[in-house]
Amino acid sequence: MTNFTSFSSLRAACLDLPSGRPAASAAVAQREAILTKPPKSLGRLEDLVAWLAHWQGHAPPRLDRVEIQIFAGNHGVTKQGVSAYPAEVTAQMVANFAAGGAAINQLARAAGARLRVIPLSLDEPTADFTQAAAMSENEFIAAVKSGHDAVSSDCDLVCLGEMGIGNTTAAAAIAAALFGGGGDRWAGRGTGVDEVGLSRKRAVIDRALTRHGDALHDPLAVAAALGGRELAAILGATLAARQKNIPVLLDGFVCTAAAAPLMKLRADALAHAQAGHVSAEAGHRMLLDEIGLKPLVDLGMRLGEASGAVVALQILRSAVACHTGMATFAEAGVSDKPADDAEPKAAG
């Protein structure tokens, strides 16, 4: 359970993080060196296995218990016309998840992962952050706790995602506050706003940055003033996973923005996380560059709901399967010594 009750105690928790188990990743590297393939020929797949082992603390790593967590929240800023869909769609999509009718239900089934959907006070949207802070300190801490407490210690990997009409506006505002630039740099079309809607969205972000200028020095205050309950919960879940040595796959722009305050508090705070994909949302690639994460896939997706993270999960499963299933040179009776001279000499 959580033990933070304020920005101050949460900040302390964000700074006091375990560093993983290098002995486990070293053991993975030793095995990779004797598998029946040229060194490093599986490229990033080999790095991913070592990363999994480093954070799980054992070699080989496992992906037996993978959990997908989708946090859902509603945003008062939708009153400003920043989304192509009305706010009630959030609850409707949560019902669709429960009925098994969404894309993530199919992806979760295909990937062999457990899906959990966690709605957060959908009947109480956050405040319109052009008028006031989206959440008070207490409201923000409560939402962070919801995410933190959702992560169980027996997970091998957590895939994080979100659902919330209006939340690309919140994500863009957080990115602008943390990394500079206003609405012009960070706002995208989200659920599909037209050119007029995009201009309105940019202006909304700029007004919010002006209103909350006093909070911009503190990443947690930024997340409270400009974010949403589902973003705060993702921050909490990402923190809990690090504390419990559980690797994380982050989904798209909103999910990445939700976790970004952790990195602004401590540079290596997201070392246990991978970017599942880079989305088509305008600011996502820039945000990944800012926080130093390289996406696993680039498929032009922009759905949210952890869809890109779960597609990337299949890559991790392939990496682990190769590492655990391949024969060593000795087992296969294959020479692991390169020829002394790869180029045949001319006769004579």
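In which sense do strand S1 (residues 66-72) and S3 pair, and over how many bridges? Keep that one in mind while going through the points below; this is a predicted model, by the way.

1. To take the opening question straight away: S1 and S3 run in the parallel sense, with seven bridges between them. If you want a spot to start looking, Phe71 has Glu162 in S3 as its bridge partner.

2. S3 has another neighbour. Strand S4 (residues 248-250) pairs with S3, again in the parallel sense, over three bridges. Here Val158 is matched with Val248 in S4.

3. Now the surroundings of S3 (residues 157-163). Seven of its seven residues are buried, so the strand is largely enclosed by the rest of the structure. In a regular strand, side chains alternate between the two faces of the sheet. Leu157, Cys159, Gly161 and Met163 point one way from S3, while Val158, Leu160 and Glu162 point the other way, and all of them are buried. Note that Glu162, the partner of Phe71, is on that buried list too.

4. Helix H12 (residues 253-265) deserves a look. Its 13 residues reach 19 Å from first C-alpha to last, close to the 18 Å expected. Still, H12 bends by about 35° at Ala259, and a proline, Pro261, follows within four residues.

5. H12 is also largely enclosed by the rest of the structure, because twelve of its 13 residues are buried. Among them are Phe253, Cys255, Met263 and Leu265, as well as a run of alanines, Ala257, Ala258, Ala259 and Ala260. Both the bend residue Ala259 and Pro261 are buried.

6. On to charges: the whole structure holds twelve salt bridges. One of them joins the side chains of Asp218 and Arg11, at 2.5 Å from N to O. This pair links distant parts of the chain, 207 residues apart: Asp218 sits in the loop between helix H9 (195-211) and helix H10 (219-226), and Arg11 belongs to helix H1 (residues 7-15). Asp218 counts as buried because its relative accessibility is 10%, whereas Arg11, at 26%, is partly exposed.

7. Lys37 and Glu46 form another salt bridge, with their closest N and O atoms 3.0 Å apart, and both residues are buried. The pair does not stand alone: Glu32, Lys37 and Glu46 are linked in a network of salt bridges.

8. Last, the side chains of Arg266 and Asp268 meet in a salt bridge at 2.5 Å, N to O. Asp268 has a relative accessible area of 34%, so this residue is partly exposed.

Key
Residues numbered from 1 in each chain as written. Predicted model: local features only at pLDDT ≥ 70, side-chain atom pairs only at ≥ 80, totals over all residues. Heavy atoms only, no water. Helix = DSSP H or I, 4+ residues; strand = E, 2+ residues; numbered from the N terminus. Expected span 1.5 Å × (residues − 1). Bend = angle between axes of the 7 residues up to and from the residue. Buried < 20%, exposed > 50% of the residue type's maximum accessible area, 1.4 Å probe, protein only. Salt bridge = Lys/Arg side-chain N within 4 Å of Asp/Glu carboxyl O. Pairing = 2+ DSSP bridges.
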